[in-house]
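Visitor: I should like to be guided through this structure by question and answer. May we begin once it is displayed?

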Amino acid sequence: MKRVVVLGSTGSIGTQTLDVIRNLPGEFEVVGLGAGRNSRLLAEQINEFQPRAAALAEQEDLSRLKRELSPQDKLDLDWGIEGMKNLAAMPEADLVVIAVTGVAGIHPTFTALSAGKNVALANKETLVAAGQLVMDLATRKSKALLPVDSEHSAVWQCLYGYSFDQLEKIILTASGGPFRSANSVDLEKVTVEMALKHPNWNMGSKITIDSATLMNKGLEVIEAKWLFGVDYAQIDVVVHPQSIIHSAVEFKDGSVIAQMGLPDMRLPIQYALTFPQRVPGPAPRLDWTKLPKLTFEAPDTSKFPSLLLAYEAGKTGGTMPAVLNAANETAVYAFLQKRITFLGIPTVVEKVMEKHASINNPDLGEIMEADLWARATAGEFLRF
Ligand SMILES: NC(=O)C1=CN([C@@H]2O[C@H](COP(=O)(O)OP(=O)(O)OC[C@H]3O[C@@H](n4cnc5c(N)ncnc54)[C@H](OP(=O)(O)O)[C@@H]3O)[C@@H](O)[C@H]2O)C=CC1
Ligand SMILES: CC(=O)[C@@H](O)[C@H](O)COP(=O)(O)O
Ligand SMILES: [Mn+2]
């Protein structure tokens, strides 16, 4: 029985992780659950999975949570960053799933690896901001960093059994988002409601907006660089609107292996949880005779400059990717609050990057400082 902590349990990845666990009775014990502000759903999850500990982001939500709980044998309740870190380091845990959004994933990831836990990582922002440090820590602790993001799970599945030095390049697929066929005039009229309608995936709002700007793919390029130890020149992005091929790898002999399936995150989540086993799961099966036509095209970076900004930040290295990420998070939430336009998102990110003097080989403190600086600087550009 694998003992699991799920951080971000009330979100899209978190609830699907619990669904995978629910479908494999006897395989997993949920020992810890962490969430942001959704105390009602967290209470339901605690009542169902009976973890030993749980935490919420804000102390003020604890009393509401307690009111919703049925009597528990023993349950430690905590809150805030310390609460998440305590869950990530629980002595009872074998595996920590990091499914919180944004840079809030950094501290629990470091804590889990430092405490000698294997980590199933959905949160890409952590690797974008602090990829070198996370990978070094995982290596030092001999702990696995198991990719959950569908493209990285695909690459990992394609590479299984091969050594990384046989790899020529990685081909990350992108759906292209809801505005793939829009022209630049259409993009000026994009509303929050339109941008939240992803063509293939039902995800949290932040990643859905990132998919619409192609920043999601940019963050995934940086995520792939760290997970698979390749250069940026070895990572290509191709738009594949049907999201059936989740990514592919090309080997040195020219052979290409791709991973396919209907878009359903429970498959990569389950693979990370049961690795190296493959067991029956709830993901729907491909019917080859009913597949849509699979098409591929180059990303239009003149319409979607975020992808280029991410390559640039990644190649610059140092604190620049953390700045890209923090400026993007700030701009995306401003767009969701209808304070800036859709096209304003990459503009803010670019302006913040232009002002940043990147620090090489930063430690975690310098990364978090750069993150805060970028949020404050992005905030200045939002006042227009
Ligand atoms: N959704 C998907 O299909 C995919 C997601 N990812 C990545 O996985 C991560 C999660 O995405 P997704 O599930 O879509 O996001 P959601 O917005 O659906 O869920 C985010 C989760 O994080 C919790 N949370 C937010 N802030 C905090 C905090 N400060 N402390 C503790 N918990 C917090 C939320 O709690 P609450 O709701 O209670 O406030 C919620 O449980 C992201 O990094 C995303 O890029 C990667 C690939 C696919
Ligand atoms: C499901 C998943 O992994 C998302 O990151 C997804 O890839 C988003 O789709 P885009 O390809 O549109 O960014
Ligand atoms: Mn993805």
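Visitor: At what angle do helix α7 and helix α12 pack?

Guide: This is a predicted model, and every value given here is computed from it. Helix α7 comprises residues 150-159 and helix α12 residues 266-274. Their axes lie 9 Å apart, and the angle at which they pack is about 55°.

Visitor: Is α7 oblique or roughly perpendicular to α12?

Guide: The angle between the two helices is about 55°. An angle has to lie from 65 to 115 degrees to count as roughly perpendicular, and from 35 to 65 degrees it counts as oblique. The arrangement of α7 relative to α12 is therefore oblique.

Visitor: Which residues of α12 does α7 meet?

Guide: On the α7 side, the residues of this contact are Ser 150, Ser 153 and Gln 157. Taken together, the residues of the contact of α7 with α12 comprise three nonpolar, three polar and no charged. The partners in α12 are Pro 268, Tyr 271 and Ala 272.

Visitor: How many residues of α7 are buried?

Guide: The buried residues of α7 are Ser 150, Glu 151, His 152, Ser 153, Ala 154, Val 155, Trp 156, Gln 157 and Cys 158. They pack against several elements, including β7 (145-147), β8 (167-174) and α11 (215-228). The helix is thus mostly covered, and of its ten residues the number buried is nine.

Visitor: Which residue with a positive phi follows α7?

Guide: The phi of this residue is near 95°. The residue that follows α7 with this positive value is Gly 161.

Visitor: Which residues does UniProt list for "binding site"?

Guide: The listing comes from an unreviewed entry. The residues concerned span 72 residues in sequence, yet no two of their C-alpha atoms are more than 8.4 Å apart, so they gather at one spot. UniProt names them as Asp 149, Glu 151 and Glu 220.

Visitor: Is Asp 149 buried or exposed?

Guide: Asp 149 is placed in the loop between β7 and α7. A residue is buried if 20 or more other C-beta atoms lie within 10 Å of its own. Asp 149 has 28 such atoms within 10 Å, so the residue is buried.

Visitor: Which residues does Glu 220 touch, not counting residues up to four places away in sequence?

Guide: Glu 220 lies in helix α11. With 29 other C-beta atoms within 10 Å, Glu 220 is buried. Outside those sequence neighbours, Glu 220 touches Lys 124, Asp 149, Glu 151 and Leu 172.

Visitor: Why are α10 and α11 roughly perpendicular to each other?

Guide: Helix α10 comprises residues 205-213, and its axis comes within 5 Å of that of α11. Angles of 65 to 115 degrees count as roughly perpendicular. The two helices are therefore given that description; the angle at which they cross is roughly 95°.

Visitor: Which residues of α11 meet α10?

Guide: From α10, the contact involves Ile 207, Asp 210, Ser 211 and Thr 213. The residues of the contact of α10 with α11 divide into three nonpolar, three polar and one charged. Those contributed by α11 are Met 215, Asn 216 and Leu 219.

Visitor: Which residues of helix α5 are buried?

Guide: Helix α5 runs over residues 106-114. Among the elements that cover its buried residues are β1 (2-7), α4 (80-88) and α6 (124-140). The buried residues themselves are Ile 106, Pro 108, Thr 109, Thr 111, Ala 112 and Leu 113.

Visitor: What distance separates the C-alpha atoms of Ser 358 and Met 320?

Guide: Ser 358 is found in the loop between α15 (344-355) and α16 (364-382). Leaving aside neighbours within four places in sequence, Ser 358 is in contact with Thr 316, Gly 318, Thr 319 and Met 320. Ser 358 and Met 320 are 38 residues apart along the chain, and their C-alpha atoms are separated by 5.4 Å.

Visitor: How far apart are the end C-alpha atoms of residues 260-376?

Guide: UniProt lists these residues, in an unreviewed entry, for "domain: DXP reductoisomerase C-terminal". Over this range the chain is 53% helix and 1% strand. The distance between the end C-alpha atoms is 41 Å.

How values were computed: Residues are numbered from 1 along each chain as its sequence is written. Chains are lettered from A and ligands numbered from 1 in the order in which they are written. This is a predicted model: local features need pLDDT of at least 70, side-chain atom pairs count only at pLDDT 80 or more; totals for chains, interfaces and linings use all residues. Helices (H or I, at least four residues) and strands (E, at least two) are DSSP runs, numbered from the N terminus. Two residues are in contact if their C-beta atoms, placed from the backbone, lie within 7 Å. Axes are lines fitted to C-alpha atoms, for helices over the stretch in contact, and angles run from 0 to 180 degrees between N-to-C directions. Angles under 35 degrees count as roughly parallel, over 145 as roughly antiparallel, 65 to 115 as roughly perpendicular and the rest as oblique. Ala, Val, Leu, Ile, Met, Phe, Trp, Tyr, Cys and Pro count as nonpolar, Asp, Glu, Lys and Arg as charged, and the others, Gly among them, as polar. UniProt positions are given in the numbering used here, feature names are shortened, and annotations may be inferred rather than shown by experiment. A residue is buried if 20 or more other C-beta atoms lie within 10 Å of its own, exposed if 12 or fewer, and partly exposed in between; C-beta atoms are placed from the backbone.
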